[in-house]
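Reader: I've got a new model on screen and some bench time to kill. Can you walk me through it?

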Amino acid sequence: MDLIEKATVMHYHRHRIAEFQHGTVESLGWRNAHSQQARYQTLIKAGDLNGATVLDVGCGYGDLKAFLDRHFSGFDYIGVDQMPEFIAEARKRFASIERTAFYQTDFSTAALPQADYVIASGVLGYRCKNESFYTDMIGKLYNSAKVALAFNMLDKSRFPQHDLLVGHDREEILTLCRVLSPRVECFNDYLEDDFTVVMHRNDR
């Protein structure tokens, strides 16, 4: 993404903060809490996160951390997001929680830490003129995952034309992922216009 595209994404979220209030799932860009939670429920099919290290790319307010706390225990969580408003709110919400850290950074250019599981919800849905951006980012995120990468995308065949958001060809994405990973899973039965890919490091 170039600087104008990144600035456009930040402007979009600041507009939604003004419209839907700071701290809401709508200000993050989700239609509602159900669509956010349905994605999370599918992303955790990546594996057993108990005692694992988890890198949440595009963490927003840390909603995934709160979701994971209801399903797993003993894990270390790192959230990254480029929006300073999101990170400030996340740090406030989880200030007293151990083994939890938030960093304001652009995941596309920053050096990412290694983690057992890398989870990316929504970050690959923004329009970009550079077609290789998405494949490059999938490779980068997978390289940070020691056990598995789980990410979601909007489905090109079902998602309508949008000025900022973009859908992807599911089969093209899966073909790429199968080149990189020995075992790839795809889920597309939780929302009408979304799909989730899990790329494992081993074939079992």
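Reader: Where is Q21 placed?
Author: Q21 is in the loop between α1 and α2 (33-43). Keep in mind that this is a predicted model.

Reader: Is Q21 buried or exposed?
Author: Q21 is exposed, at a relative accessible area of 59%.

Reader: What is the phi of Q21?
Author: Positive, about 85 degrees, although Q21 is not a glycine. Most residues other than glycine have a negative phi.

Reader: And R99, what is phi there?
Author: Phi of R99 is near 60 degrees, also a positive value in a residue other than glycine. R99 sits in the loop between α4 (84-93) and β3. Its relative accessibility is 45%, so R99 counts as partly exposed.

Reader: Let's zoom out. How many helices and strands does the protein chain have?
Author: The protein chain has 6 helices and 8 strands. Along the sequence the pattern reads α-α-β-α-β-α-β-β-α-β-β-α-β-β.

Reader: Why call the protein chain as compact as a globular protein of that length?
Author: Because its radius of gyration is 16 Å, close to the 17 Å that the globule rule gives for 204 residues. The C-alpha atoms fill a box of roughly 45 × 40 × 30 Å along the principal axes.

Reader: What share of the residues counts as buried?
Author: Of the 204 residues, 52% count as buried. The accessible surface comes to about 9,700 Å². Carbon and sulfur atoms hold 50% of that surface.

Reader: What about contacts? What share comes from residues 24 or more positions apart?
Author: Among contacts with a separation of 6 or more, 63% come from residues 24 or more positions apart.

Reader: Give me one pair that is apart in sequence. How far apart in space are A66 and F94?
Author: They are 9.0 Å apart, C-alpha to C-alpha, and 28 residues apart in sequence. A66 belongs to helix α3. A66 is partly exposed, at 29% relative accessibility.

Reader: Switching to charges. How many salt bridges are there?
Author: The count comes to 10 salt bridges. One of them joins the side chains of K129 and E5, at 3.5 Å from N to O.

Reader: Which parts does the pair of K129 and E5 tie together?
Author: K129 is in the loop between β4 (115-120) and α5 (132-143), and E5 is in helix α1 (residues 3-20), so the pair ties together parts that are 124 residues apart in sequence. K129 is exposed, with a relative accessible area of 65%. E5 is buried, at 11%.

Reader: Helix α1 again, then. What does K6 pair with?
Author: K6 forms a salt bridge with D106, and the closest N and O atoms are 2.5 Å apart. This pair links distant parts of the chain, 100 residues apart. D106 lies in the loop between β3 (100-104) and β4, while K6 lies in helix α1.

Reader: Are D106 and K6 buried or exposed?
Author: Both D106 and K6 are buried.

Reader: Now a local one. Where do K65 and D69 lie?
Author: Both lie in helix α3 (residues 63-69), 4 residues apart, about one turn of the helix. Their salt bridge has its closest N and O atoms 3.0 Å apart. K65 counts as buried at 3% relative accessibility, whereas D69 is partly exposed at 39%.

Reader: Which residues do shared partners join into one network?
Author: D63, E89, K92 and R93 are joined into one network by salt bridges that share partners.

Reader: Last topic, cysteines. How many disulfides does a search of the whole structure find?
Author: The search finds 0 disulfides.

Reader: Why is there no bond for C186?
Author: Because the closest cysteine sulfur, in C177, is 8.8 Å from the sulfur of C186, too far for a bond. A disulfide needs the two sulfur atoms within 2.5 Å.

Reader: Are C186 and C59 buried or exposed?
Author: C186 is partly exposed, with a relative accessible area of 28%. C59 is buried, at 3% relative accessibility.

Technical notes. Residues are numbered from 1 along each chain as its sequence is written. This is a predicted model: local features need pLDDT of at least 70, side-chain atom pairs count only at pLDDT 80 or more; totals for chains, interfaces and linings use all residues. Side-chain values use heavy atoms; hydrogens and water are left out. A salt bridge is a side-chain nitrogen of Lys or Arg within 4 Å of a carboxyl oxygen of Asp or Glu. Helices (H or I, at least four residues) and strands (E, at least two) are DSSP runs, numbered from the N terminus. Buried means under 20% relative accessible area, exposed over 50%, partly exposed in between (1.4 Å probe, protein chains only). The radius of gyration is taken over C-alpha atoms; the globule rule is 2.2 Å times the number of residues to the power 0.38. Contact means heavy atoms within 4.5 Å. Accessible areas come from the Shrake-Rupley method with a 1.4 Å probe; for residues, only the protein chains shown count as cover.
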